Amino acid sequence: MPSIFFNLSKKGLDVPEVRRAIAMCIDYDKIAEVAMSGYSSDIQPSLILLNSETESKYINEEAIKQYQWKFDIDGANALLDSIGAEKGSDGIRVLKDGTRLGPFEAECPYGWSDWNASLEIVAQSAKKIGIEIRTKFPEAPVWTNNRQTGKFDITMNSPASALKPSQPWDRARYIMLSEGVPPIGEIAFWNEGRFKDERADEILNLIPQKTDMDELKALYTELDMIYLKNIPSIPLMYRPWHFYTVNESVWKGFPTAKDGKGIPPQICMDGAGIKALYEITSK
């Protein structure tokens, strides 16, 4: 779930309404079409992969609906108007305390073309609501150091994958757990935006102790509500681990998702994908 993460110590980005307005203005369909070549399904704001049967069972989707955002330029502008963020002569908004909403730098590694394109779309989207975001594409080691030490305004990264495929605890921990996270300037290995909520920490410590499904569902739902209210990050896409593309000019018979063979469409040298080697033939 590649996402943008906010440095919550940055003036302007420390305002939840500003983060929500950014979430509302992003053209997710354009990211899916242009940056992801159609490989991403529709974004459903959540810590949870709601389009996954194994994860969605841990959430009460009705309970979180009121906190989820959707693409709505007019709504984002109205939200910023409601907090008194007025546009200056250059079209960029200024908060009541004089904080100008930009320029904020959004960064990810140079050459990561789908991520680079995504951040360009984020910047274009933000301009429509009076927030100035500039893209920055350093080399990967620089991006990593900036991210971990909190030397960023907005950074793009993928939260941790699940150790247990059925539970999103690792992803939630990476985004929200403040325990053990050092101050900005020191290296953090999770929660690099320095989000802090005592109840979120409490829930994240409780979940590994629980086995009852009803209890787990209630805890994940409450945690997701905290996430959706505070928006420490915004998911931009659902990115496949592998992009399944084959060249059949020499070989044919590669597996597809619905051919009944039960072979996953993935690299033919990786895991169960090896089974495909026994199915392909010369053309």
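Which residue follows α5, and what is the sign of its phi? In this predicted model, α5 is followed by glycine 84, with a positive phi near 75°. Helix α5 itself spans residues 73–82, and its buried residues are Gly75, Ala76, Asn77, Leu79 and Leu80. In an α-helix there are 3.6 residues to a turn, so residues three or four places apart point the same way. The buried residues of α5 pack against helix α1 and against the strands β2 (86–87) and β3. At the start of α5, the backbone nitrogen of aspartate 74 has a side-chain oxygen of aspartate 72 within 3.4 Å.

The packing between α5 and α1 can also be described from the side of α1. Valine 18 is placed in helix α1, which covers residues 16–25. Valine 18 counts as buried because its relative accessibility is 0%, where the limit is under 20%. Beyond neighbours within four places in sequence, the contacts of valine 18 are with Gly12, Leu80, Ile83, Leu95, Leu101 and Ile131. Among these contacts is Leu80, one of the buried residues of α5. Valine 18 is separated from threonine 281 by 263 residues in sequence and by 56 Å in space, taken from C-alpha to C-alpha.

A second helix, α7 (residues 140–149), has Trp143, Asn146, Arg147, Gln148 and Thr149 as its buried residues. The elements covering these buried residues include the strands β4, β5 (133–136) and β6, together with the helices α6 (113–127) and α8. Just after α7, glycine 150 adopts a positive phi of about 75°.

The nonpolar interior was examined next. The largest nonpolar core comprises 73 residues, and those with the most contacts inside it are Ile4, Ile26, Ile131, Met176 and Ile234. Helix α10 (residues 213–230) contributes the largest share of this core, with 7 residues. Another core lies apart from it and consists of 5 residues, including Phe254, Cys268, Ala276 and Ile280. With neighbours within four places in sequence set aside, isoleucine 4 touches Ile26, Leu119, Val122, Ile154, Thr155, Met156, Pro232, Ser233, Ile234 and Leu236. Two of these partners, Ile26 and Ile234, are also listed among the core residues with the most contacts.

Backbone geometry was considered at several loop positions. Most residues other than glycine have a negative phi, and most peptide bonds are trans. Glycine 102 and proline 103 are joined by a cis peptide bond, with omega at about 0°. Proline 103 is placed in the loop between β3 (93–94) and β4 (104–107). Isoleucine 231, a residue other than glycine, has a positive phi near 50°. It lies in the loop that runs between α10 and β7 (233–235), and it is buried because its relative accessible area is 0%. Arginine 194 likewise has a positive phi, near 65°. The position of arginine 194 is in the loop between α8 and α9 (198–206). With a relative accessible area of 17%, arginine 194 falls under the 20% limit and is therefore buried.

Arginine 194 also belongs to the lining of the largest cavity, together with Phe5, Phe6, Leu8, Ile175, Asn191, Glu192, Gly193, Phe195 and Pro232. The volume of this largest cavity is about 40 Å³, and the count of cavities of 30 Å³ or more comes to 1. Its lining is made up of 6 nonpolar, 2 polar and 2 charged residues. Pro232, in this lining, is also in contact with isoleucine 4.

Among the open spaces, the second largest pocket has a volume of about 190 Å³. Its lining consists of 15 residues, and Tyr28, Asp29, Asp42, Ile43 and Phe71 lie nearest its centre. By class, 8 residues of this lining are nonpolar, 3 are polar and 4 are charged.

A polar pair involving a buried side chain was also found. Glutamine 167 is located in the loop between β6 (154–157) and α8 (169–176). Its relative accessibility is 13%, so glutamine 167 counts as buried. The side chain of glutamine 167 forms a polar contact, at 2.6 Å, with the side chain of tyrosine 220.

Terms used
Residues are numbered from 1 along each chain as its sequence is written. This is a predicted model: local features need pLDDT of at least 70, side-chain atom pairs count only at pLDDT 80 or more; totals for chains, interfaces and linings use all residues. Side-chain values use heavy atoms; hydrogens and water are left out. A nonpolar core is a set of buried Ala, Val, Leu, Ile, Met, Phe, Trp, Tyr and Cys residues joined through side-chain atoms within 4.5 Å. Buried means under 20% relative accessible area, exposed over 50%, partly exposed in between (1.4 Å probe, protein chains only). Helices (H or I, at least four residues) and strands (E, at least two) are DSSP runs, numbered from the N terminus. Contact means heavy atoms within 4.5 Å. On a 1 Å grid over the protein atoms alone, a cavity is a set of points where a 1.4 Å probe fits but cannot get out, and a pocket is an open set with protein on both sides within 12 Å along at least five of seven lines; lining residues have an atom within 4 Å of a point. Grid points are joined across faces, edges and corners, and a volume is the space filled by probe spheres set on the points. Ala, Val, Leu, Ile, Met, Phe, Trp, Tyr, Cys and Pro count as nonpolar, Asp, Glu, Lys and Arg as charged, and the others, Gly among them, as polar. A polar contact is a pair of N or O atoms within 3.5 Å; within protein, one must be able to donate a hydrogen and the other to accept it, and residues adjacent in sequence count only if both atoms are side-chain atoms.
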